[in-house]
Structures are given as structure tokens and as C-alpha cells.
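Work through the exercises below with the model open beside you. Try each task before reading its solution.

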Amino acid sequence: KFDENKTCPSDIAIYIHGFNKSKDDAGEEFNRIQTSLNVSKSPVPLLIGFSWDSKVPWEQAKVNAENSGAELVKFILVFKYQCQTTNIHLVAHSLGAEVVDSTLRYLDTYLNDKVSKNNPKIINSVHLLGAAINNLSIAKGTPLGDAIENIVGKFYNLYNPEDDGLQFNKFFEKHNPLGLVGAPKGTIPLNYNDTNVINEILAISDADGDGNLEECFEEYSV
């Protein structure tokens, strides 16, 4: 258990990986992110990796991502009970955004049922990277949009109009991925921010150096 007066960090970041990651893949990805945080001297002292069953066929992975939200909620609530002053930040890549979607909706329902809305927002920030979810789900008045306003401090969506994987996702799912085009025009939550990162991403197919050049859907033409 965490002792708030002795061991609770000021901030934690919980990272949720995307589709088609084995446990070893997820562990390697978490290690790379921790190394990056160390090199950049990030103010977040503790990175926690949340792994879910994503190395399955796509349709099953979507179901698993939705169901994994409840497990992440359990961790967040227990952690926040023990470390009430710790700021919690969620970071998710690709289909990990579906885990975040589910998590926020579960938290919003739980807190509305159990806790006064006057309590501080339990999630300080959310960063989505290449989010493989429908961009319409983010609109104000939707379950996710309402959850963002109710329980999140700041919500950041980093999108790339030339993301190969999400171009395929758009073709396959018949919707606009949030990580490809950003939020739809119209009403969005007041604490929602879109950032186009196309100029910040180097054209490196094998970013993790594992020798696999086909990991980002280059073999598909859409």
C-alpha cells in the first residue's frame, strides 16, 4: 500500500499500449517510454504501464479494450484512495484510446453515483496518441464527451493526417479516426485540445529498431 506522507509521488503517468502487442512487446514499449521520459527530464516521476490483451484479431481486440476499462478503473480508485494528492495522467496509443474511453465513462458513472460532483477531477490530464476511435465519440453531449468535462482536467488529442495505420483504420471501420483528423467541427468539451503533430513525427518505419518494417500497415494500400 502507498503511504501518502512517505511514498506517494506528486504525479504518475499511466501508459496504455495499442493493438497487437504481446506482453514482451508491451514491456519493450514501456521501457522505451520510460527512457524517453528520463532523457527529457520529465516532471512525472513514475510511469506505470497498463497492459491489456491486444494481440488478438481486431474485432476481439476492440471488445477487450472496452472491457479493460473496468480493470483500469479499479486500479485508479485504489491508488487515489491511498494517494489522494497524487496527480494522475493517462497516455494511450492507437486502440489504447478505447481503453481510456471505457475508463473515463466508467469513472464518470461511478463518481456521479457515489461522490459529489464538487470533488476535484480525478484525472488531471489525458493524452491520446494516434487514437483509433471514432472522432464523433468525443463530441460534447456524448458519454465520452461528458466524462471528459466531468472528471478530466485537460484532455489532449495528438493527431497526424498522414498516419498510415489510421488511414487503414478509416478504410476498414468506415469512420474518421480521432488520431487521423482530430475532433469534428462543432461542439467539443471545453477542456479538449487538438494538436496536429505531422511535423513532429520522423518518417521512420522501424522506430523501435526491431527490424520489422511492416508494423505500421505499409503493406496495405487504401
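The exercises below cover confidence, nonpolar cores, salt bridges and single residues in a predicted model.

**Exercise 1. Confidence**

State the average pLDDT of the protein chain, and find a stretch where the pLDDT is below 50.

Solution.
- The chain average is a pLDDT of 87.
- A score of at least 70 is reached by 84% of the residues.
- The pLDDT is below 50 over residues 216-222. Beyond near neighbours in sequence, this stretch makes 14 contacts in the model.

**Exercise 2. Nonpolar cores**

Identify the residues that touch the most other members of the largest nonpolar core, then the helix that gives the most to this core.

Solution.
- The largest nonpolar core has 45 residues. Ile14, Leu104, Ile123 and Leu128 touch the most other members.
- The helix giving the most to this core is helix 2, residues 58-82. Its share is seven residues.
- Another core lies apart from the largest one and has seven residues. Among them are Tyr15, Ala26, Val44 and Val91.
- Now take Ile14, leaving aside its neighbours within four places in sequence. Its contacts include Ile48, Phe50, Leu72, Phe75 and Ile76. Ile88, His89, Leu90 and Val91 are also in contact with Ile14.

**Exercise 3. Salt bridges**

Give the salt-bridge count, then describe the pairs Lys21 with Glu29, Glu71 with Lys74, and Asp101 with Arg105.

Solution.
- The count comes to eight salt bridges.
- Lys21 and Glu29: the closest N and O atoms are 3.5 Å apart. Lys21 is partly exposed, at 21% relative accessible area. Glu29 is buried, at 7%.
- Glu71 and Lys74: the N to O distance is 3.4 Å. The two residues are three apart in helix 2, so about one helical turn separates them. Glu71 counts as partly exposed because its relative accessibility is 45%.
- Asp101 and Arg105: the closest N and O atoms are 2.5 Å apart. The two residues are four apart in helix 3, so about one helical turn separates them. Asp101 is buried, with a relative accessible area of 7%. Arg105 is partly exposed, at 24%.
- Glu59, Lys62 and Glu173 are linked in a network of salt bridges.

**Exercise 4. A buried charge**

Why does Glu98 have no salt bridge with Arg105?

Solution.
- Place the residue. Glu98 lies in helix 3, residues 96-114.
- Check its burial. Glu98 is buried.
- Find the nearest side chain of opposite charge. This is Arg105, 4.1 Å away.
- Apply the cut-off. A salt bridge needs a nitrogen of Lys or Arg within 4 Å of a carboxyl oxygen. At 4.1 Å, Arg105 does not meet this limit, so Glu98 has no salt bridge.
- List the contacts, not counting residues up to four places away in sequence. Glu98 touches Lys62, Ala65, Glu66, Arg105 and Ile133.
- Recall the earlier pairs. Arg105 forms a salt bridge with Asp101, and Lys62 belongs to the network with Glu59 and Glu173.

**Exercise 5. A loop lysine**

Where does Lys185 lie, and is Lys185 buried or exposed?

Solution.
- Lys185 is in the loop between helix 6 (178-181) and strand 6 (192-196).
- Exposed means over 50% relative accessible area. Lys185 is at 88%, so Lys185 counts as exposed.
- For a distance across the sequence, take Leu136. Lys185 and Leu136 are 49 residues apart along the chain, and their C-alpha atoms are separated by 9.6 Å.

Note on methods. Residues are numbered from 1 along each chain as its sequence is written. This is a predicted model: local features need pLDDT of at least 70, side-chain atom pairs count only at pLDDT 80 or more; totals for chains, interfaces and linings use all residues. Side-chain values use heavy atoms; hydrogens and water are left out. Buried means under 20% relative accessible area, exposed over 50%, partly exposed in between (1.4 Å probe, protein chains only). Lys and Arg count as positive and Asp and Glu as negative; His and the chain ends are not counted. Contact means heavy atoms within 4.5 Å. pLDDT is the predictor's confidence in each residue, from 0 to 100. A nonpolar core is a set of buried Ala, Val, Leu, Ile, Met, Phe, Trp, Tyr and Cys residues joined through side-chain atoms within 4.5 Å.
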